[in-house]
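Please open the model in your viewer and keep the selection panel at hand, since this tour proceeds from one selection to the next.

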Amino acid sequence: MARDRKGFTLIEGIFSMFLIFLVLGALTYTLRQAGQVKSNLKNMGELSEIVQVMAMLKADLGAALKVTSPSEGSGSDRVSLDRIDSGLSIQARINDFDDFEPFDSIDQVQVSYFLEAGLLKRQSRTSLGVRAVERLIQVTEFEARRESGEDLVTVTFETSNSRRSVRHSLKVALR
Amino acid sequence: MEAVFASFLLITSILISVYVFDSSLRAEANNEQRITAAIVAESALEEIRSFANKNFPGTRSTYHGRNWTLPHYSVYQISAKVEPMELPLPCTELETQYPEVDPPFPTPERRVLAESVLKCEVAVRWSRGRDELRMVRYVANFTRASNFQVVINPSGTEIDPITSGTFDVAPWGTKDFSAKAYVNGVEVDDIQFSWYVEPLNGFGSIYRESRDGKTCRYRNAYRNYDGTYKRSAGLCDVVVRAVYQGTEAKRKVRIKNG
């Protein structure tokens with residue numbers, strides 16, 4: 001009596017199932033990783049914005065002629081400082097209206113960083129009263145602290161999105 | 001046999017593509033941590049710079065070999081290495097005015113500023129020490145100088161606020177002086193002094209000046225245009241001058257040439 005040889009053996013079935021599970025497993029893992037890559041790319045985009053803001057803060061504090069807020073030994077929700085207006089050329093700064101003084105008040109600009117309506121803003125105001133406000137990034141908290149007897153300003157702020165909240169901190173030595 | 005080989009190829013290709021994808025993801029995640037580590041390193045260096053502005057001589061003992069973390073970045077371990085750094089004067093043209101009788105190599109011997117700058121290296125480690133970022137910066141003292149003074153030794157009795165003396169120097173004789181500079185009573189290292197003679201009714205010359213400029217030898221003689229040595233009896237002042245952070249300080253000693 002001839003046996004019906006159509007179909008798969010048990011070994012073939014098990015091996016093909018193993019392959020199917022392997023491919024499905026790898027596919028699931030890859031899709032999950034793709035989701036993480038998307039999330040990581042978003043984090044990197046946010047971080048590059050934060051780094052840019054930190055660089056701006058550091059440049060302003062590093063060039064400060066006078067820091068009015070925070071005062072020594074205290075904290076504040078605002079950073080305010082006077083610095084040379086980087087938009088002015090040296091020729092413009094040594095004009096004869098102010099006796100060739102390149103650090104005169106007319107050559108300075110008042111810069112402030114503060115939190116308003118969930119946005120970190122940078123305001124600059126020249127001695128002529130020209131005011132410009134830049135909207136930087138979304139933050140939930142912003143604080144600056146200056147220890148007594150030290151020329152070190154620590155700026156802390158918190159950013160948050162639907163997935164996470166991160167606190168960032170930056171120290172800048174005043175020169 | 002064909003089925004086994006085909007399966008092997010299929011499994012290998014799947015595993016390789018998953019591995020490559022996973023590696024790129026890990027690198028992506030590491031990028032974020034590396035940028036954060038750079039922010040931490042910058043902050044640590046600013047902390048050292050701030051301390052150096054306050055207490056420059058004590059910076060090395062306070063931070064060399066120190067390990068610490070910053071608030072909000074507790075997984076990033078910071079370690080610092082603070083070492084003295086020698087800064088050679090950059091212009092050899094300026095060196096040629098200091099010839100030596102038997103000069104060592106290189107000739108002229110270069111002037112080195114050994115106390116002006118510290119080399120600060122900050123290493124930030126994360127992922128249990130598996131990943132590391134290093135940042136190096138030279139830190140100088142930027143404290144604003146006030147009450148900058150130059151002191152000359154020996155000084156003698158005071159004649160006016162910047163002049164003292166009077167020292168007798170015999171014909172063809174010499175007299176040695178040294179100078180130090182102070183800011184708020186703290187000696188300033190690596191400063192460059194200039195020595196010269198101001199004639200009153202006599203004249204002499206600066207005969208030798210040490211390489212660091214801190215000492216000089218005055219001689220009761222001067223060299224004429226034709227190369228002959230002459231002398232001029234009478235009074236003159238030996239002046240030492242230094243400039244620090246744009247502020248000039250001078251000190252004079254009066255000489256009576258015999």
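## The sheet of chain A

Begin by selecting the strands of chain A that make up an open sheet: there are five of them, they run in the order β1-β3-β4-β5-β6, and their pairing is antiparallel. Bear in mind throughout that this is a predicted model. Colour β1 (64-69) and β6 (131-138) of chain A next, for these are the edge strands, each of which pairs on one side only. If you look across the sheet from one strand to the next, the twist averages 20°.

Now restrict the view to residues 108-116 and 119-126 of chain A, which are strands β4 and β5; they pair in the antiparallel sense, and eight bridges join them. Within this pair, select Y113(A), and you will find R122(A) of β5(A) standing opposite.

Add α1(A) to the display, and follow how this helix packs on the sheet, where it touches β1, β3 (78-84), β4, β5 and β6 of chain A. The direction of α1(A) makes about 140° with that of β6(A).

## Where chain A meets chain B

Finally, show both chains and select the contact between them, to which chain A contributes 25 residues and chain B 26 residues. Which elements give two or more residues to the side of chain A that touches chain B? They are α1 (10-62) and β9 (165-173) of chain A, and α1(A) gives the most, with 15 residues. Colouring this side of chain A by residue class shows 14 nonpolar, six polar and five charged residues.

Note on methods:
Residues are numbered from 1 along each chain as its sequence is written. Chains are lettered from A and ligands numbered from 1 in the order in which they are written. This is a predicted model: local features need pLDDT of at least 70, side-chain atom pairs count only at pLDDT 80 or more; totals for chains, interfaces and linings use all residues. Two residues are in contact if their C-beta atoms, placed from the backbone, lie within 7 Å. Helices (H or I, at least four residues) and strands (E, at least two) are DSSP runs, numbered from the N terminus. Ala, Val, Leu, Ile, Met, Phe, Trp, Tyr, Cys and Pro count as nonpolar, Asp, Glu, Lys and Arg as charged, and the others, Gly among them, as polar. Two strands pair if DSSP finds at least two bridges between them. Axes are lines fitted to C-alpha atoms, for helices over the stretch in contact, and angles run from 0 to 180 degrees between N-to-C directions.
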